[in-house]
Amino acid sequence: MPRSCVPPLSPHAPPLGALLRLYAAGTALTCEPVDQGLLNRGYRLCTTRGRYFLKHHFDPATADPAAIERRHRATQRLADLGVPVAVPLAHREGRTVAVVGGHAYALHPWIDGRHRHGGQLTRGESARLGALLGAVHACLERVMPPKGRTRPATSPHPVESADPADTFALIDDLLAHVRRHRPADAFDELARHRLLERRALLEQHTDRRPPRGGSVGWVHGDFHPFNLLYKDDAPAAIVDWDRLGVQPRAEEAVRAAAIFFVRPGGTLDLPKVRAYARAYRRAAGAAPSELSAAVHRVWWERLNDFWMLRWHYERGDTRADRQFPAASALAVWWTREYDAVCDAFVR
């Protein structure tokens, strides 16, 4: 007897019968939610024909079936070049996206693997990670349309950096949310401390707002530990290509390092960052000046970014709360150690 992966009356339950018939993938035996994604829904699916990853493209910003198909074709071309990706399966109609009940789904082979944070990587494995991302960027340049002729389905990285005047207004609004929250808790206390601290830092560094972004390229768009699977010590698959688009590629390299190599106390493991960045520059053909500019823009982005607090206070969504202590501390530490961070990326 097949077991439903979510309660039958749930509006989010995937229509397993219709999907498995379309893919000729047998009968469901088990189906378990994979709960690491913040925007889309995924399920570990075991059927009489094998094991699969079923993805429900739920995020309206990336759920257009035609756009999903284009991203799928891109990952197939990357796989042909040797990039480790989980290529989606085609169903009986020859497409890789199934639209059932107005929702878009894709079926992928299940990849046995685990996620690894930078703290679990050696310095050599950190270099391998940088080389992998550099290879992704270099291969995307080969398989994707010219940047000036075809725009991506997702929004490109904004050319203008954050305006501190807007950030000051946002800080005031978030502080009001914190004051209104009852009963006050430890998260409110930390949020208030970080908001006041960040306002002081921005007042001190307003004149360091970076200029418009530099050269752009095709990027994964969301390269972080939960989107990379390892088998043993080797990368097995880069997943979740929903944010594939044209952005400043060196900024993706810096942003990824700030996620992989942040320590719980909000500092970066700079020796690992250095190994990662050297390998990235070689694989991507990126100049040190490109990384230096990217470090500055991502630092500024971090100073002005409060998406975790906006989710918590404006949307009532607490899924990112556990990331907030380290991420908010990193912005402060990065400001203090700016020269050392820049040096790790460019030398």
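Okay, so the expected span of a helix is 1.5 Å times one less than its number of residues. Keep that in mind for helix α6, residues 249-260, in this predicted model. At 1.5 Å a residue, its 12 residues should span 16 Å, and the end C-alpha atoms sit 17 Å apart, so that agrees. What about burial? α6 is mostly covered, with 11 of its 12 residues buried. That list takes in charged side chains too, including Arg249, Glu251, Glu252 and Arg255. Phe260 is also one of the buried residues in α6, and I'll come back to that ring.

Let's do the same check on helix α2, residues 65-80. This one has 16 residues and reaches 23 Å from its first C-alpha to its last, close to the 22 Å expected. Just after α2, Gly82 takes a positive phi of about 95 degrees. Which residues of α2 are buried? They are Ala67, Ile68, Glu69, Arg71, His72, Ala74, Thr75 and Leu78. If you look at the spacing there, remember that an α-helix has 3.6 residues a turn, so residues three or four places apart point the same way. The buried residues of α2 pack against β3 (50-57), β5 (103-109) and α3 (123-143).

Let me zoom in on one of them, Thr75 in helix α2. Thr75 comes out at 4% relative accessibility, so it counts as buried, the cut-off being under 20%. What does Thr75 touch, leaving out residues up to four places away in sequence? The answer is Val85, Val87, Pro88 and Trp241.

Next up, a helix pair. Two packed helices are described by the angle between their axes and the distance between the axes. Take α7, residues 270-284, and α11, residues 338-346: their axes come within 6 Å and cross at roughly 40 degrees. That makes α7 oblique to α11. Who is in the contact? From α7 we have Leu270, Val273, Arg274, Tyr276, Ala277 and Arg281, and they meet Ala340, Val341, Asp343, Ala344, Phe345 and Val346 in α11. By type, the residues of that contact divide into 9 nonpolar, no polar and 3 charged.

Now the rings. How many aromatic pairs are there? With ring centres within 6.5 Å as the rule, the count comes to 9 aromatic pairs. In one of them, Phe187 and Tyr313 have ring centres 6.2 Å apart and planes at 50 degrees, so that pair is tilted. Phe187 lies in helix α5 (residues 186-205) and Tyr313 in helix α9 (residues 307-314), so the pair ties together parts that are 126 residues apart in sequence. Buried or exposed? Phe187 counts as buried at 14% relative accessibility, and Tyr313 counts as buried at 11%.

Then there's Trp299 with Tyr338, where the ring centres are 5.4 Å apart and the planes are at 75 degrees, so this pair is edge-to-face. Here too the pair links distant parts of the chain: Trp299 is in helix α8 (residues 288-304) and Tyr338 is in helix α11, 39 residues apart. Trp299 is buried with a relative accessible area of 0%, and Tyr338 is buried at 13%.

Last one, and here's Phe260 again. Ring pairs link Phe223, Phe260, Phe261 and Tyr276 into a cluster. Phe260 is on the buried list of α6, while Tyr276 is one of the α7 residues in the contact with α11.

Technical notes:
Residues numbered from 1 in each chain as written. Predicted model: local features only at pLDDT ≥ 70, side-chain atom pairs only at ≥ 80, totals over all residues. Heavy atoms only, no water. Axes fitted to C-alpha atoms, helices over the stretch in contact; angles between N-to-C directions. Helix = DSSP H or I, 4+ residues; strand = E, 2+ residues; numbered from the N terminus. Parallel < 35°, antiparallel > 145°, perpendicular 65-115°, else oblique. Contact = heavy atoms within 4.5 Å. Buried < 20%, exposed > 50% of the residue type's maximum accessible area, 1.4 Å probe, protein only. Phe/Tyr/Trp six-rings, centres within 6.5 Å; stacked < 30°, edge-to-face > 60°.
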